[in-house]
Amino acid sequence: MADDLSSFAKDVFLVKGLKNSTLLWRLVVLTFAMVCGVYVCSICLKQIGTSSKLGFLDIKVIQKPCPEPYIEPWEIPYVHYPNPKTYSRVECACNPVRYFAILSMQRSGSGWFETFLNSHTNISSNGEIFSVKVRRSNMSTIAETLDTIYNLDWVSSASKNECTAAVGLKWMLNQGLMQNHEQIVEYFRVHGVSVIFLFRRNLLRRMISILANEYDRNAKLLNGTHKSHTHSAKEAEILAKYKPTINATLLIPNLKQVNDTTTKALEYFKNTRHIILYYEDVVKNHTKLLDVQDFLKVPRMDLKSRQVKIHKGSLSSQVENWKDVSKALTGSPYESFLHEDDYRK
């Protein structure tokens, strides 16, 4: 009986020893597993951190302007990558944009000319923006308006569904341009804005157009509606029936004033990148429109306009007191205006 108890005690101690040994090994294995787990987690965290950094760098690269290897060094100041506030331009991010301004005078064909530009799928010319006085009240409002236009945030019928390659506006000389010419020239220089001058050689024809347009503003000959531009031959025929009377006494001083203003504008903006066009040349030779497209660095297209010219034919048939006008200009520096009817094709 004593031997049996001794044997039982030994078995108990042996079992306890085995249990303690197994528990120890389990603890060792568990510790090893924990160490391995911590190591693996640390590696994963490092990889995640590296991936995040790479992702951030990738985004920054995408936001950088796309390289344009065909751009010559002198062109760089005139190539822009706008980032509009009002919509995303992601799909056009790599398409550079040129800024332009059409500098002209009323009734010089600028509206007609602008319709040609806007028939191009990549050109947006936003019209006579500064006809609204508050926009030209001072240089700050002028700059703010220009910033909106050139950042592609100006909404108008000229906005394009395709990627815009050239954006600008039509700006009359008497709409704050001459009064603020120094600051505007500086703005154009800093922001890389190119200038398209569009004037009319025959200032007498321009005067007739101004007087007729002023008359229709009150008379509203087209079914009670005033139209500065027409889109049908019938409308043009109706408006052309009115023949203005020109003040022959003030005729030469008025022509001189317009000519002097044009000369000053060319002088003020001579240091800008510019092209000079005359309405008569564009009418006679539509290859001038190719010159403009080359100037704006846009693909050449066949540009179209739906506008119909109002005043056609000889000047003598368009003025009520033609004899007085002819007498006033004969022998003057403006005599050639009486005979310049070669604007027609």
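A salt bridge here is a side-chain nitrogen of Lys or Arg within 4 Å of a carboxyl oxygen of Asp or Glu. Keep that cut-off handy for the exercises below, and remember that you're working on a predicted model.

**Exercise 1. Check the pair E235 and K227 for a salt bridge, then work out how covered each partner is.**

Step 1: Find the N to O distance. For the side chains of E235 and K227 it comes to 2.7 Å.

Step 2: Compare with the cut-off. The pair counts as a salt bridge, because the limit is 4 Å.

Step 3: Look at cover. E235 has 18% relative accessibility, so it is buried, since buried means under 20%. K227 has a relative accessible area of 29%, so it falls in the partly exposed class.

**Exercise 2. Do the same for E267 with K270, and for D302 with K304.**

Step 1: E267 and K270 join their side chains in a salt bridge at 2.9 Å, N to O.

Step 2: E267 is partly exposed at 44%, and K270 is partly exposed at 44% as well.

Step 3: D302 and K304 also form a salt bridge, with 3.1 Å between the closest N and O atoms. Both of these residues are exposed.

Step 4: Put the pairs in context. Searching the whole structure turns up ten salt bridges.

**Exercise 3. Map the largest nonpolar core and follow one of its residues.**

Step 1: Count the members. This core has 46 residues, and Y150, W171, F188 and L204 touch the most other members.

Step 2: Ask which helix gives the most. That's α3, residues 139–150, with six residues in the core.

Step 3: Zoom in on F188. Skipping neighbours within four places in sequence, F188 contacts A101, L146, W171, V193, V195, F269 and T272.

Step 4: Look for a second core. There is another one lying apart, with 22 residues, including F113, L198, V283 and F295.

**Exercise 4. Decide whether helix α2 is mostly covered or mostly open.**

Step 1: Take its span, residues 110–118, and count: seven of the nine residues are buried, so α2 is mostly covered.

Step 2: List them. The buried ones are S110, G111, W112, F113, E114, F116 and L117.

Step 3: Link back to Exercise 3. F113, buried in α2, is also among the residues of the 22-residue core.

**Exercise 5. Sum up the whole chain.**

Step 1: Tally the elements: eleven helices and five strands.

Step 2: Of the 345 residues, 40% are buried.

Step 3: Take contacts with a separation of 6 or more; 76% of them link residues 24 or more positions apart.

Step 4: For the surface, about 20,300 Å² is exposed, with 58% of it supplied by carbon and sulfur atoms.

Methods
Residues numbered from 1 in each chain as written. Predicted model: local features only at pLDDT ≥ 70, side-chain atom pairs only at ≥ 80, totals over all residues. Heavy atoms only, no water. Core = buried A, V, L, I, M, F, W, Y, C linked by side-chain atoms within 4.5 Å. Buried < 20%, exposed > 50% of the residue type's maximum accessible area, 1.4 Å probe, protein only. Helix = DSSP H or I, 4+ residues; strand = E, 2+ residues; numbered from the N terminus. Contact = heavy atoms within 4.5 Å. Areas by Shrake-Rupley, 256 points an atom, 1.4 Å probe, with all protein chains shown as cover.
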